[in-house]
Amino acid sequence: MLLKGRLNNTQIADLTNCSRATVRTWRERLKDCDLAPNAISELSETELRRLVAPGVFSRKQDLAEPDFDKIRFEVDERSVRLKTLYIDYRQGVPDGFRAMSRTTFYRTVAQMADKKDVTLSFDYEPGEMIQADFVGRKKLKQPLLLDEGGSERDYEVFCAASAKSRKIFVCALESQATVPVLGVMVRMLEYFGGVPVLVTIDNFKAAVAVPRRGAEEATITSEFAAFADYYGFSFIATRVRKPRDKGIVENAVGIVQDDVLAPLRNRRFFSLAEMNAALSDRVTQLNERPMRGHGDASRNDLFSRSDFSGYQPLPSRGYEVGRYILKLRAGRDYHVEVEGSRYSVPWHFAGELLNVKITPTSVHLIHEGRTVATHPRHDQAAGPITTPTHMPAAHAAGALTRLAGMKRYVAEIGPNAEALIDAHFRANKKPALTATAAINLRALAERYPAERVENACELAISIKKANVRKVEAILVAGLDADETEAVINTRPVAQRNIRGAGYFAELINSARGGLNDV
């Protein structure tokens with residue numbers, strides 16, 4: 001425009017919003033460069049400034065540019081402070097260039113970060129992912145949980161969202177410890193009605209042993225790894241201080257703060273169950289509410305139409321949440337001592353280290369991530385709890401020569417089975433016969449449910465027929481079906497037409513007295 005001369009200085013000044021003196025100075029400098037208009041149009045703005053005004057822009061253009069990609073990696077992945085990176089930058093300035101001041105360096109890095117800080121939107125498949133996080137505590141915006149004395153109790157709020165449909169789950173729990181969180185996750189999967197492929201979580205201590213750093217994946221704790229293996233999904237931990245790795249649940253947390261917790265901020269609750277009932281009502285309304293941008297479909301509509309089909313079915317039995325004891329060694333007798341009781345493992349695990357999971361009803365013995373034995377839980381059992389199949393063949397045969405071994409052989413059936421074997425031994429006084437009875441009784445437990453065999457044993461003992469043949473007859477006849485019929489009343493039933501011993505005694509006495517109407 002300056003060289004072609006189609007516009008005068010005034011017109012160019014009006015178009016570029018600068019003074020006529022500036023336009024005149026630039027026109028003269030371009031003429032002194034003796035360049036054709038086509039050659040000038042191929043130059044970048046920086047090259048043109050260096051050519052036209054070398055004295056004015058030389059000092060500014062001689063500043064060394066920092067390596068922004070390297071700086072961002074150091075800050076994001078290695079948590080290095082800008083103060084340290086500025087020192088490295090000054091030491092690496094090449095010859096012929098000047099280093100930026102600290103203020104200019106900080107400002108330039110911030111500007112470059114803003115230019116490159118773009119977001120990527122993901123499209124999720126049905127049942128691909130659930131993202132989970134904890135809602136930050138904002139006491140003025142959340143309801144209070146009080147104990148019986150009226151003192152405030154701490155609690156956490158767990159939030160999860162299905163990635164494709166954005167359906168939200170919320171539950172309050174006492175803390176971020178292992179047992180409460182696993183219990184809430186069981187409820188989460190039951191709420192969604194299935195199992196996703198992945199569950200994305202934050203780096204809270206109960207679930208993540210070693211956080212994710214760079215290309216190295218996070219290490220999930222053994223308790224949460226066992227939980228994931230049971231349901232058949234995988235945990236994915238986000239990068240440290242990277243909330244966008246779970247952006248869907250981060251957005252859901254904000255919605256929960258405003259639409260679920262804030263309306264309850266003036267409420268006072270005295271139990272978590274009471275609080276969760278109120279939260280459930282609010283979440284139900286939230287998931288039923290139409291969403292803009294989705295044709296006024298609700299989260300529940302989207303979940304049922306396009307998300308639920310990708311979820312795998314839940315196991316028939318829910319996961320039992322328990323606590324873990326790590327690295328207990330099995331003895332030479334292939335038993336592990338847990339809280340005063342000794343539980344068996346398969347004999348070839350003798351001397352091995354095992355982890356133990358204790359639930360309210362059972363004890364699970366785990367070797368290298370695989371459950372090798374499960375027993376009903378006993379508190380301070382008098383003797384070892386042994387599963388016969390855990391014993392070598394020679395040990396199993398030897399155990400059946402003693403009453404304690406025979407009772408342990410049927411212990412999995414129940415206490416009534418043990419009582420029947422005990423009564424059989426004391427009545428027959430022949431160990432070989434009682435051993436055969438124990439083997440046959442266990443065979444019955446493989447043909448019939450253990451509960452039915454247990455009821456049949458109770459009925460056989462009550463009628464003083466402590467033998468396996470009677471137990472089998474009861475099972476075949478179905479007399480064990482009703483527990484109320486299993487108790488036999490041994491007292492005679494009073495009937496008018498039944499004459500007992502008293503009647504005949506009176507009759508004989510009367511005959512001795514000379515009565516003839518016998």
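Me: How do the residues lining the largest cavity divide by class?
Reply: The lining holds six nonpolar residues, two polar and one charged. Bear in mind that this is a predicted model.

Me: Which residues are they, in the lining of the largest cavity?
Reply: The lining of the largest cavity consists of Thr386, Pro388, Met391, Ala396, Ala399, Leu400, Gly405, Arg408 and Tyr409. Arg408 is the charged one, because Asp, Glu, Lys and Arg make up that class. Gly405 falls among the polar residues, since Gly is counted there.

Me: Which helices supply at least two residues of that lining?
Reply: Helix H14 (393–399) and helix H15 (403–409) each do so. H15 has the largest share, three residues. The volume of the largest cavity is about 70 Å³.

Me: How many cavities of 30 Å³ or more does the structure hold?
Reply: There are two. A cavity is a space where a 1.4 Å probe fits but cannot get out, whereas a pocket is open. The second largest cavity contains about 30 Å³ of space.

Me: What lines the second largest cavity?
Reply: Its lining is made of Val338, Glu339, Tyr343, Ile358, Val363, Arg377, His378 and Asp379. By class that gives four nonpolar residues, one polar and three charged. Two of these residues, Ile358 and Val363, return when we read the strands.

Me: Where does Ile358 stand relative to S15?
Reply: Ile358 is opposite Val363 of S15. Strand S14 (residues 353–358) and strand S15 (residues 362–367) are antiparallel and joined by four bridges. Two strands count as a pair once there are at least two bridges, so S14 and S15 qualify.

Me: In what order do the strands of that sheet run?
Reply: The sheet is open, has four strands, and reads S11-S14-S15-S16, with antiparallel pairing. Strand S11 (323–329) and strand S16 (370–376) are its edges, each pairing on one side only. From one strand to the next the twist averages 25°.

Me: Now a pocket. What is the volume of the second largest one?
Reply: The second largest pocket measures about 450 Å³ by volume. Its lining has 19 residues, and those nearest the centre are Ala226, Tyr319, Lys357, Ile366 and Thr371.

Me: Which elements each supply at least two residues of the lining of the second largest pocket?
Reply: The contributors at that level are helix H10 (222–231), S14, S15 and S16. H10 gives the most, five residues. So three strands named in the sheet order, S14, S15 and S16, also appear in the pocket lining.

Me: Which domains each give the lining of the second largest pocket at least three residues?
Reply: Domain 3 (129–310) and domain 4 (323–390) both do. As for class, the lining of this pocket has six nonpolar, eight polar and five charged residues.

Me: How should I read the two faces of a strand?
Reply: In a regular strand, side chains alternate between the two faces of the sheet. Strand S9 (residues 234–237) is a case: Phe235 and Ala237 are on the covered face, while Ser234 and Ile236 are on the uncovered one.

Me: In what sense does S9 pair with strand S6?
Reply: Strand S6 (residues 198–201) and S9 are parallel, with four bridges between them. Within this pairing Ile201 is opposite Ala237, and Thr200 has Ile236 as its bridge partner.

Me: What stands opposite Thr200 in S1?
Reply: Gln131 stands opposite Thr200. Strand S1 (residues 129–135) and S6 pair in the parallel sense over three bridges. Thr200 therefore has a partner in S9, Ile236, as well as facing Gln131.

Me: Last, the backbone. What is the phi of Asp296?
Reply: Asp296 has a positive phi of about 60°, although it is not a glycine. The residue sits in the loop between helix H12 (272–288) and helix H13 (299–307).

Me: Why does Asp296 count as exposed?
Reply: Asp296 counts as exposed because its relative accessibility is 58%, and the cut-off for exposed is over 50%.

Me: Where is Lys464 found?
Reply: Lys464 is in the loop between helix H18 (450–462) and helix H19 (468–477). Lys464 also has a positive phi of about 60° without being a glycine. At 74% relative accessibility, Lys464 is classed as exposed.

Definitions and conventions
Residues are numbered from 1 along each chain as its sequence is written. This is a predicted model: local features need pLDDT of at least 70, side-chain atom pairs count only at pLDDT 80 or more; totals for chains, interfaces and linings use all residues. Side-chain values use heavy atoms; hydrogens and water are left out. Axes are lines fitted to C-alpha atoms, for helices over the stretch in contact, and angles run from 0 to 180 degrees between N-to-C directions. Buried means under 20% relative accessible area, exposed over 50%, partly exposed in between (1.4 Å probe, protein chains only). On a 1 Å grid over the protein atoms alone, a cavity is a set of points where a 1.4 Å probe fits but cannot get out, and a pocket is an open set with protein on both sides within 12 Å along at least five of seven lines; lining residues have an atom within 4 Å of a point. Grid points are joined across faces, edges and corners, and a volume is the space filled by probe spheres set on the points. Domain bounds come from an automatic or database domain assignment.
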